[in-house]
Amino acid sequence: MTYTPLTKHSFINVLEHTITYLKRQGVSYADIRLEECVSEGVMVRDGEIDRLWDKLDTGFGIRVLHKGAWGFAASSLLTETEAKRVADDAVSQAKAISQMGYGARGKGQGAIHKNPPVKFKHKSPCHIDPFIIPIEERLYPILKATSLHKNYRQYKKIHTIEGFMDFKKTHKTFLNTEGSFIKQEIFLSGAGIKVIAIDGRDVQVRSFPDSHNGIFRQGGYERIIEMDIPENTPRIIEEALMLLKADYCPSGVKTIILGGSQVALQIHESIGHAVELDRTMGMEVSLAGGTFLTADSIGTKICSDVVNITADPAIEGGAGSYIYDDEGTEAKRIDIVKNGRFVNFLSSRETAKLSGMESNGSVRASGWSHIPLIRMSNINLESGEGNLGDLIADAGDGILLQTNKSWSIDTLRLNFQFGVEIGWEIKRGRITRPLKNPVYSGITPEFWKSCNAVCGREEWKIYGLSNCGKGDPIQNIAVGHGAAPARFNKVKVGTVKC
Amino acid sequence: MLGRDRVIELLRKLVREAEESGTGQAEALYVGSHNSTTRFANSVITQNIKESNGTVYFRVLLDKRIGVTSANSLHIEDLRRCMKKAIEIARQSKPLKFFDSLPKPSEYPNIKTHYPKTATLTISDKVKILGNVFKKSKSAIQNPKSEIRVGGAFSTSETEIGIANSNNLTAYQPFTSAHLSLITSSPPSLGFANQFERDVKNIDTDKLLSTAMKKCIAKKRDKLKPGRYKVILEPPAVNEILEWLIYITFGASVFIDGTSFMTGNIGKKIMSKKLTIYDDGGDTRGFPVPFDFEGVKKKRLDIIKNGVAISPAYDTLLAKKCRKKTTGHALMPDDTEGPFPTNVFIREGDCTLDEMISMVDRGILVTRFHYVNGLLDTKTASMTGMTRDGTFYIEDGEIRYPVEDMRFTASILDAFSKIEVISKERQAFPTPYSIVGVNILPALLIKEFSFSD
Ligand SMILES: [Zn+2]
């Protein structure tokens, strides 16, 4: 019933033989990814553990390109027989698709440009290994932060404080028929808290350091320490209580300043997804949709002059960092938007070949069982000048909008609406009062063309989310965004009444 | 597939070993699956994947302390390590005073949920089926200039779920599923249709194609002014909204948090009396599932009955916390947000979709939504999203012309209080909250729905 384990070392040998076997089958290209992911996470509520989990997820996936069609098969069973079965399965898929004539042949798909062979080993920095810290000690910051409201009369409207913490260690071994052998080890750490304040029908939520389970970054426990969660929680609790008494955000067309983490999500939804080349080619139409950008859009102005956006998989500590992507292409920093002009798509070996280019190494899979797709690595808004105080002082009248609450955008990544946890009214360059339930909406290029200031390096931070979804079956992956607060003119702002 | 005997034998052995290592109670859950998905775009197959996986989940109870671990391995050493880890986690956790026992054994109904021909469908079979769809989409159009391209996904899966615990509970059920979704495109128009089945032979590709194609034949779309409109939401659009409604409202976790609009409203009328939303894993008009992921037998749970809030869904843990009984809605042990209802039905009405259209003097028909978000204000279930794949203007009881996609921002609590008609025919949608859960939903005619722009 159970199986005799092969050591990882001997299974890698098996996979090397499998590459040779696939070459003998005459495939045009094949790659294999073996991944082992260990994760430990916890949800806490009001100072007590709600759920705690530990997960081991191991398996391998084989992707082949044969007679102009792709096949992919994957299994969690690490045996020699299974490796052969999976390889045969991937080949037979490609054969079936190409033989029936409904494959990608003839339309240019199902071809890739060549990569040089690479032998490489990499371990992403992890200064404090979270997995060896005893649970009680490890959870201290969020257990403490989520119990700060207990037994205080002035906090009785704080209904709950939730906390979240998650650590992942992923070993990836990549081999392909071009002779590449790449080993990468990546640590991902994330945490956050969410304060829920309730008064009758009014529910107000404030999160720290970001909403939707906090901030994720590569690295070890040092990432959690540097967040200073317990130290910041009293302020977040006060803000949640302030929101219960605050006025609704007034509606109208206004100058807005987005806080850094909301800038990160704005980049993510309206620029990051829009510049994925597979969307341009209609390959994601069935689920995620397309994009407003076409091959002809290169060189066109989609943002104002002050906007510079880069894709940089090499940032230390970015949630989406890597040295080689999941089809063995070396990562490189590229400009996406240069002085407001759109200059580059994120591409894969297949989509790049179709466009007569070379891949810029933007392909990842969210684990062994998934095929690699074009994914954001770390998509960053490059810093401008001045601090948040300067931006507010120069704003005249406007609203500062902080921390994402809701997000929605159409299939072409044009028509968006975001809700945030808190707004701050700005009158004559000064913050006057908090505002509840703000939402703002716009059309991507118009919105980004109205950007007139981005804060400087002193306000620039790396944000990261763990669950960007794409593909079918859906693949959730960690993505990073370097961002600083930024100011936009003439934006439609509104509110949601409760 | 390992089959009932091998799965249960393994799980019992693991539970015994856990007990011998000093836990109070132990539970072992096995989820094994073979999934295969073929994706296509522009009438060409672009991706094909096949994946085999098998995961064992442990939950151990040690003086009211719980530890949960999982490993997708059948190596006995990996499983032993995983079990030890669960015990170690439990040792370091704080005791949950209210939690005293894992579920007791039940008798489960005998239901057919596995169809061997669906499990063994090959890629060649799928390519043949899809090839016909692509061919028919071409031949149906007389004018070569108005070519229709087909995108979508065709997935089939075989899943087996087994559970054993220290109370002598054992449960096992195999499942198959087949799901085909089609997006037809003929710029600027798009159309959509989908069908979910346990048995692939029930998938009616001709019907799906003609439904999707009917939606995308117009060469021009008009722009409608934002405002409040009477609206018909077809089942896929209702599904998008219901997924969020479940997430923000129908689970015990959000109910306890107080962010659910059901909190404080149990027994009160909060929606139209025409509306009944229930969950029933045993109802054969849907796609039955005999037990939840901790082996509790499925039975009917009224969530909203004739507009009145009745109950959210509980699992054993949160039920004990609230001094309630579990409603049989435990999700997989590594889930962090549930329990949620996973076999949701909206009670059917008595009209056909055409009859519903004929009742509208001025309104909008929505096929489907994109990127709905339900976190705007959970107490009013305020949501926003874009229409997609076929939005039409209705006048004097007839569909007049397709319109450009629009953003809705609306309180669903308010919209569901203004339901005028519910369709007789319902459609199945796999739920994101369980690998074997399926919701069964009708079309809704709502008196007023807000579109912003
Ligand atoms: Zn995303």
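Here a trainee and a mentor talk through a predicted model of two chains, A and B.

Trainee: Let's start with the contact of the two chains. How many residues does it take from chain A?

Mentor: Both chains take part in this contact. Chain B gives 75 residues to it. The number from chain A is 82.

Trainee: And what share of the area buried between chain B and chain A comes from carbon and sulfur atoms?

Mentor: Take the total to begin with: the area buried between the two chains is about 7100 Å². On the side of chain B, R39(B), H75(B) and Y371(B) lose the most area to chain A, together 9% of what that side buries. As for the share of carbon and sulfur atoms in the buried area, it is 53%.

Trainee: I'd like to look at charges next. Which residue of chain A meets R39(B) in a salt bridge?

Mentor: Good one to look up in the structure! The rule finds seven salt bridges across the interface of chain B and chain A. In the salt bridge that R39(B) makes through its side chain, the N to O distance is 2.9 Å. The partner is E284(A).

Trainee: Now some helices. Are α2(A) and α4(B) roughly parallel or roughly antiparallel?

Mentor: Find helix α2, residues 80–99 of chain A, and helix α4, residues 123–139 of chain B. Their axes come within 9 Å and cross at roughly 25 degrees. Because angles under 35 degrees count as roughly parallel, that crossing makes α2(A) and α4(B) roughly parallel.

Trainee: How many charged residues does the contact of α2(A) with α4(B) have?

Mentor: Let's list the residues. From α2(A) come S92(A), Q93(A), A96(A) and I97(A), and they meet I123(B), S124(B) and V127(B) of α4(B). By class, four residues in this contact are nonpolar and three are polar, while the number of charged ones is none.

Trainee: On to the backbone. Which residue does a cis peptide bond join to F208(A)?

Mentor: Most peptide bonds are trans, so a cis one deserves a look. Here omega is about -5 degrees. The partner lies in the loop between β7 (202–208) and β8 (215–218) of chain A, and its name is P209(A).

Trainee: In chain B, what is omega for the peptide bond from G338(B) to P339(B)?

Mentor: P339(B) sits in the loop between α8 (316–321) and β11 (344–346) of chain B. The bond leading to P339(B) from G338(B) is cis. Its omega is near 0 degrees.

Trainee: One last thing: what is the phi of N339(A)?

Mentor: Most residues other than glycine have a negative phi. N339(A), in the loop between β12 (334–338) and β13 (341–342) of chain A, is not a glycine, yet its phi is positive. The value is about 45 degrees.

Note on methods. Residues are numbered from 1 along each chain as its sequence is written. Chains are lettered from A and ligands numbered from 1 in the order in which they are written. This is a predicted model: local features need pLDDT of at least 70, side-chain atom pairs count only at pLDDT 80 or more; totals for chains, interfaces and linings use all residues. Side-chain values use heavy atoms; hydrogens and water are left out. Axes are lines fitted to C-alpha atoms, for helices over the stretch in contact, and angles run from 0 to 180 degrees between N-to-C directions. Helices (H or I, at least four residues) and strands (E, at least two) are DSSP runs, numbered from the N terminus. Angles under 35 degrees count as roughly parallel, over 145 as roughly antiparallel, 65 to 115 as roughly perpendicular and the rest as oblique. Contact means heavy atoms within 4.5 Å. Ala, Val, Leu, Ile, Met, Phe, Trp, Tyr, Cys and Pro count as nonpolar, Asp, Glu, Lys and Arg as charged, and the others, Gly among them, as polar. Buried area is the accessible area (1.4 Å probe) that two parts lose on being put together, summed over both. A salt bridge is a side-chain nitrogen of Lys or Arg within 4 Å of a carboxyl oxygen of Asp or Glu.
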